[in-house]
Amino acid sequence: MTDDDRLRVNCLAAVDAAAGGDLGEMRAMLDPGVRWYGEDGKPRESGADGVIGVATERLAAGAFDSMEVELWQRADDRVAVCVRLAPGYGRRAFVLTLANGRIVAVEDVGSQDEALARLADHRRE
């Protein structure tokens, strides 16, 4: 199994665990200094506790009840991830930045098209 395959399996397991109410696997994937950026590009949360706090709010609201990953595409140290949340919560797209096998940044980009555009931009850098 390649590192990319292992990362994908771990992320998918974290999504499944979160959908079941367990955020422990998600926390294990986060760097302690992870930063979460909103759609406006401004920092929203810092640190694993802050990111888990956002996930806990969404879990309590029921957004993760039937969450499924619809897109997973990697380019170097970045991954575009699109998820379909529970009915009524729509879809969300993120670009994750990785270092040493952990997520060091989460960009909430809103749409799958935007996530893929950011990956393409990253490849050109």
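Which residue just after helix 1 takes a positive phi? The residue is Gly 21, with a phi of about 100°. Keep in mind as we go that the model is predicted. With that said, let us walk back into helix 1 and then move outward from there.

Helix 1 covers residues 3-19. Its 17 residues should span 24 Å at 1.5 Å a residue, and the C-alpha atoms at its ends are indeed 24 Å apart, so expectation and model agree. Have a look at which of its residues are buried: Leu 7, Cys 11, Ala 14, Val 15, Ala 17 and Ala 18. Viewed down the helix axis, the buried residues fall within an arc of 165°, which means that they line one face of the helix. The general background is that an α-helix has 3.6 residues a turn, so residues three or four places apart point the same way.

What do the buried residues of helix 1 pack against? Their partners are helix 2 (24-29), helix 3 (47-61), strand 3 (68-75), strand 4 (78-84) and strand 5 (91-99). Asp 16, also in helix 1, makes a good contrast, since this residue is exposed, with a relative accessible area of 55%. Between the C-alpha atoms of Asp 16 and Ala 55 there are 13 Å in space, and 39 residues along the chain.

Ala 55 brings us to helix 3, where it is one of the buried residues, together with Gly 47, Ala 48, Gly 50, Val 51, Ile 52 and Val 54. The cover over these buried residues includes helix 2, strand 1 and strand 2 (43-46). The length of helix 3 can be checked too: 15 residues at 1.5 Å each should span 21 Å, and its end C-alpha atoms are 22 Å apart, which agrees. Just after helix 3 there is again a glycine with a positive phi, Gly 62, at about 95°.

Still in helix 3, find Leu 59. Leaving out residues up to four places away in sequence, Leu 59 touches Ala 18, Gly 21, Leu 23 and Phe 64. Asp 113 is 54 residues from Leu 59 in sequence, and their C-alpha atoms are 25 Å apart in space.

Phe 64 deserves a stop of its own. Its contacts beyond four places in sequence are Ala 18, Ala 19, Leu 23, Ala 55, Arg 58, Leu 59 and Leu 85. The largest nonpolar core holds 29 residues, and within it Phe 64 and Ile 103 touch the most other members. Two or more residues of this core come from each of helix 1, helix 2, strand 1, helix 3, strand 4, strand 5 and strand 6 (102-108). There is also a second, separate core of nine residues, with Leu 71, Cys 82, Val 109 and Ala 115 among them. As a general point, nonpolar side chains in soluble globular proteins tend to be buried together.

Now for the aromatic side chains. How many aromatic pairs does a search of the whole structure find? There is one. Its members are Trp 36 and Phe 94, whose ring centres lie 6.0 Å apart with planes at 85°, so the pair is edge-to-face. Because Trp 36 sits in strand 1 (residues 30-37) and Phe 94 in strand 5, the pair ties together parts that are 58 residues apart in sequence. Both Trp 36 and Phe 94 are buried. Over the face of Trp 36 lies Arg 44, at 6.0 Å from the ring centre.

Strand 5 also contains Thr 97. Is Thr 97 buried or exposed? Its relative accessibility is 16%, so Thr 97 counts as buried. Residues up to four places away aside, Thr 97 touches Asp 77, Arg 78, Arg 102, Ile 103, Val 104, Ala 105 and Glu 107.

Two loop residues round off the tour. Most residues other than glycine have a negative phi. Asp 76, however, is not a glycine and has a positive phi of about 60°. Asp 76 sits in the loop between strand 3 and strand 4, and at 58% relative accessibility it counts as exposed. Asn 100, in the loop between strand 5 and strand 6, is likewise not a glycine and has a positive phi of about 55°. Asn 100 is exposed, with a relative accessible area of 80%.

Methods
Residues are numbered from 1 along each chain as its sequence is written. This is a predicted model: local features need pLDDT of at least 70, side-chain atom pairs count only at pLDDT 80 or more; totals for chains, interfaces and linings use all residues. Side-chain values use heavy atoms; hydrogens and water are left out. Helices (H or I, at least four residues) and strands (E, at least two) are DSSP runs, numbered from the N terminus. The expected span of a helix is 1.5 Å times one less than its number of residues. Buried means under 20% relative accessible area, exposed over 50%, partly exposed in between (1.4 Å probe, protein chains only). The arc is that of the directions from the helix axis to the C-beta atoms. Contact means heavy atoms within 4.5 Å. Rings of Phe, Tyr and Trp (its six-membered ring) pair if their centres lie within 6.5 Å; planes under 30 degrees apart count as stacked, over 60 as edge-to-face and the rest as tilted. A charge sits over a ring if NZ of Lys or CZ of Arg is within 6 Å of the ring centre and within 35 degrees of the ring normal. A nonpolar core is a set of buried Ala, Val, Leu, Ile, Met, Phe, Trp, Tyr and Cys residues joined through side-chain atoms within 4.5 Å.
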